[in-house]
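User: I have a model open and would like to talk through how its helices sit together. Could we go pair by pair?

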Amino acid sequence: MSLGRGIGFLALWVVLIGAGAEDLVVGVVAAALASWTSLRLLPRGALRIRWAPLPGVKLRFLWQSVRAGIDVARRAFSPALPLKLGFIRYHVGFPPGPARNVFVSLTSLLPGTVPIGEQDGAVVYHCLDTDQPVAEELAAEEADLQVVIGESRG
């Protein structure tokens, strides 16, 4: 697992910086430090990723992001589409920990909603339009994430 992380970090280094000899020397050191840090922050076994369903989940997330981004742009440029700003509370099924953190991070990337905190065990989201099916979309994202990480919801 730590070797896999190191290789992943080194591959990222090569993509971003390059594969020159002096770049690789620094890259190996950076990858080792990144691996060490990542193992302290997210120990082995904290999340198990199922790789097979990941492409489908990524495509769904991409489609949702594009669709939501178009909706946000329409609302921004058309005064005829009023905003109905507000907050919703979503009770995440994942217990506090890595899986829940991944879910909140993932949903923070969706246009039109932003997680702003927690209240009574629920994540509070600021929404551009509270008439939209935000809770249903969050539930679908959570179900997709459960398939990928294999952690049961509470």
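User: Which residues in H4 meet which residues in H5?
Analyst: This is a predicted model, and in it Ala99, Val102, Phe103, Leu106 and Thr107 of H4 meet Leu138, Glu141, Glu142, Leu145 and Ile149 of H5. By class, that contact has 7 nonpolar, 1 polar and 2 charged residues.

User: At what angle do H4 and H5 pack, and how far apart are their axes?
Analyst: The angle is about 130°, and the axes of H4 and H5 are 10 Å apart. That makes H4 oblique to H5, and H4 passes H5 in a right-handed crossing.

User: Staying with H4, which of its residues are buried?
Analyst: In H4, which covers residues 98-107, the buried residues are Ala99, Arg100, Phe103 and Thr107. Seen down the axis of H4, these buried residues fall within an arc of 100°, so they line one face of the helix.

User: And what covers the buried residues of H4?
Analyst: The cover includes strand S1 (86-90), strand S2 (113-119) and strand S3 (122-127), together with helix H5 (134-149).

User: Thr107 came up twice there. What is its relative accessible area?
Analyst: The value for Thr107 is 0%, and because buried means under 20% relative accessible area, Thr107 counts as buried.

User: Which residues is Thr107 in contact with, leaving aside neighbours within four places in sequence?
Analyst: With those neighbours set aside, Thr107 is in contact with Thr113, Pro115, Tyr125, Leu138 and Glu141. As for a residue with a distant number, Thr107 and Gly20 are 87 residues apart in sequence and 37 Å apart in space, taken from C-alpha to C-alpha.

User: Switching to the loop between S2 and S3: is Asp120 buried or exposed?
Analyst: Asp120, which is found in the loop between S2 and S3, is exposed, with a relative accessible area of 64%. You may also want to look at its backbone, as Asp120 has a positive phi of about 55° although it is not a glycine.

User: Back to helices. How do H3 and H5 pack?
Analyst: Helix H3 (residues 54-77) packs with H5 at an angle of about 160°, and their axes are 9 Å apart. H3 and H5 are therefore roughly antiparallel to each other, and their crossing is left-handed.

User: Which residues make that contact between H3 and H5?
Analyst: From H3 the contact is made by Leu54, Val57, Arg60, Phe61, Gln64 and Arg67, and from H5 by Glu137, Ala140, Glu141, Asp144 and Val148. The residues of this contact divide into 5 nonpolar, 1 polar and 5 charged. Glu141 is also one of the H5 residues that H4 meets.

User: What about H1 and H2, at what angle do they pack?
Analyst: Helix H1 (residues 2-16) and helix H2 (residues 21-41) pack at an angle of about 135°, with their axes 8 Å apart. That makes H1 oblique to H2, and H1 passes H2 in a right-handed crossing.

User: Which residues of H1 and H2 meet?
Analyst: On the H1 side they are Ser2, Arg5, Gly6, Phe9, Leu10, Trp13 and Val14, while H2 brings in Asp23, Leu24, Val26, Gly27, Val28, Ala30, Ala31, Ala34, Ser35, Ser38 and Leu39. By class, the contact of H1 with H2 has 11 nonpolar, 5 polar and 2 charged residues.

Definitions and conventions. Residues numbered from 1 in each chain as written. Predicted model: local features only at pLDDT ≥ 70, side-chain atom pairs only at ≥ 80, totals over all residues. Heavy atoms only, no water. Buried < 20%, exposed > 50% of the residue type's maximum accessible area, 1.4 Å probe, protein only. Helix = DSSP H or I, 4+ residues; strand = E, 2+ residues; numbered from the N terminus. Arc of directions from axis to C-beta. Contact = heavy atoms within 4.5 Å. Axes fitted to C-alpha atoms, helices over the stretch in contact; angles between N-to-C directions. Parallel < 35°, antiparallel > 145°, perpendicular 65-115°, else oblique. Left-handed = near helix turned anticlockwise from the far one by under 90°. Nonpolar A, V, L, I, M, F, W, Y, C, P; charged D, E, K, R; others polar.
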